[in-house]
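This report describes the packing and overall dimensions of a protein model. Please read it alongside the sequence and the coordinates.

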Amino acid sequence: MKMLFKGSEAIAEAAIRAGCRLYFGYPITPQSELTEYMSRRLPEVEGTFLQAESEVATVNMMYGASCTGRRVMTSTSSPGFSLMMEGVSYMAGAELPAVFVNVVRGGPGLGDIQPAQSDYFQATKGGGHGDYRMIVLAPHTIQEAVDLMNLAFDLADKYRMLVTILADGMLGQMMEPVEFPPMRDPNDVPEKKWALTGAKGREPRKVTSFDIDPYELEKMNLRYQATYKKVEENEVRYEEMNTEGADIIVAAYGTMARIVKTVIHMAEEEGIKVGLFRPITLWPFPYKRLNELADTVDTILTVEMSYGQMLEDVKLGVNGKAKTPFYGRSAGVVPTPTEVLDAIKKAIGR
Amino acid sequence: MPDSLSKKEFTYCPGCHHGIVHRLIAEVIDELGIREKTLIVAPVGCSVFAYEFFNVDGTVAPHGRAPAVATGMKRATPDKIVFTYQGDGDLASIGTAEIVHAANRGENITTIFINNAVYGMTGGQMAPTTLLGQKTTTTPYGRDAKANGYPIRMSEMLSTLAGAAYIERVMVTTPQNVIKAKRAIKKAFETQIKGLGFSLVEVLSTCPTNWGKSPVEAGKWLEENMAKYYPLGVYVDRTKEAE
């Protein structure tokens, strides 16, 4: 049964259905509805909601909760995610699973409260210190955001990694009919043999992100890298639309990709065949498939609600095989379909 | 040796009080029979390895964030006994917000707060608890109130919060003081076991290395200077009314 739901609230409900019973968070526009939804819904399912004193405290509460082996999440928007970066790095180092939802707004700094995609670098290239990665999932509809929540928690547990749902203010604030998956049993998660549950009848367990001996720390880092390699081999996800025989392929994710889907139909009326390549995992990025597509067209145009962040990954994927022009607006300005169509025409000299 | 201590040798400097306090905590955990359900949240700083010295499950929090980490643990598993072990740089400076709000929420955790009036691990810089006139590597002419503000009395400050159930300041310079300190630590853990709210024991401690004193001189300096500015005693005890 489909229900009309606001994006932020739909993500919250989907997280609960994925077995998450612990939410720590701090209000920030444009996703405070997610926090509010959790505060009323979690007590109904015997879960724990706690409004932290800051995002810094939030991520450390997640650290503590995740240490015990339970599924935990938070949600925030850009400046809040920046504040969490200290804890993100520590959690990555301690190999703690957790899910973050970043509903991106215009930046840098305080910015505004409108949708943007300018946290791409922060999400996919680090943000926190050290050699770490996190899995980044980028839904382009509310239904897809709902569907990705189960995957997000499962991947976090499977690889002992952090997973970020990178949405934007548009997805957070709009309403759409969605269908929810069934409620999962929160206890039905894989056993975590590393979790801190009290040293009853066994040797004490320690969860840390450090070793003072560089050679030992390097071993830890090599272990993380081996995990990341597995994720790169197994978890790349993307969507293609009309890429076969296309005059031009447009690379876009999230809300921007949704706009491109409209543009595809507009372009068709003018006799231009536009293909869409939409990464669903921004990390691991679908370099391989993009490289194959670069053999089939002259031009792969990147459009983003930022000034060219995913563009760098597109260029790495294309590796010089095709032209890689760019069109982007940012700071909370959402490009119109007409603007994008003009950019497409310019890119192919029409 | 208490069961709750691991076999790992302490890495602390001669004359530092961390070792005594570790042993007291371990004895208390043994006596209360809670070793198998106790989780330690160790800090950053000299006692960063505290998690290795206790025979219990544990982790290391980012600098100052131990109360938030402990909050997450306790909320996720309320049947566990969760304690943080924090120095003054950790608790009274970078982690001020986390300790204030954990205490104010009445978070049912226990904090052991080691106050030696200096940053130890980083090499003897000024802490928020450094006494006026005290020389450190970043107050080479002595701490000056105008330039550096005043030493923070954390136990007094936290005891104003309604969520704080039990707060006491102790020191471990003499056998009598050690006995009193152990009693306070035990009461703090009992407060948590009974679910009465936030408990904290502040232990005035020495740092002979960074104070540039012998262990004996350091103990004397603590008693004659620190204990005057940071009076010992119970700052709040709401355990009776909470019970």
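## Nonpolar cores and chain B

In this predicted model, the largest nonpolar core holds 124 residues, and those with the most contacts inside it are Met73(A) and Phe100(A). Such a core is a set of buried Ala, Val, Leu, Ile, Met, Phe, Trp, Tyr and Cys residues joined through side-chain atoms within 4.5 Å, where buried means under 20% relative accessible area with a 1.4 Å probe, protein chains only. Helix H6 of chain A (residues 142-159) supplies the largest share of this core, 11 residues, helices being DSSP runs of H or I with at least four residues and strands runs of E with at least two, numbered from the N terminus. Apart from it lies another core, of 34 residues, among them Val21(B), Tyr166(B), Ala181(B) and Phe189(B).

Residues are numbered from 1 along each chain as its sequence is written, and chains are lettered from A and ligands numbered from 1 in the order in which they are written. Local features need pLDDT of at least 70, side-chain atom pairs count only at pLDDT 80 or more, and totals for chains, interfaces and linings use all residues, while side-chain values use heavy atoms, with hydrogens and water left out.

The secondary structure of chain B comprises 11 helices and 7 strands. Further values for chain B follow.

| Property of chain B | Value |
|---|---|
| Span of the C-alpha trace along its principal axes | about 50 × 40 × 35 Å |
| Buried share of the 243 residues | 60% |

Key:
Buried means under 20% relative accessible area, exposed over 50%, partly exposed in between (1.4 Å probe, protein chains only).
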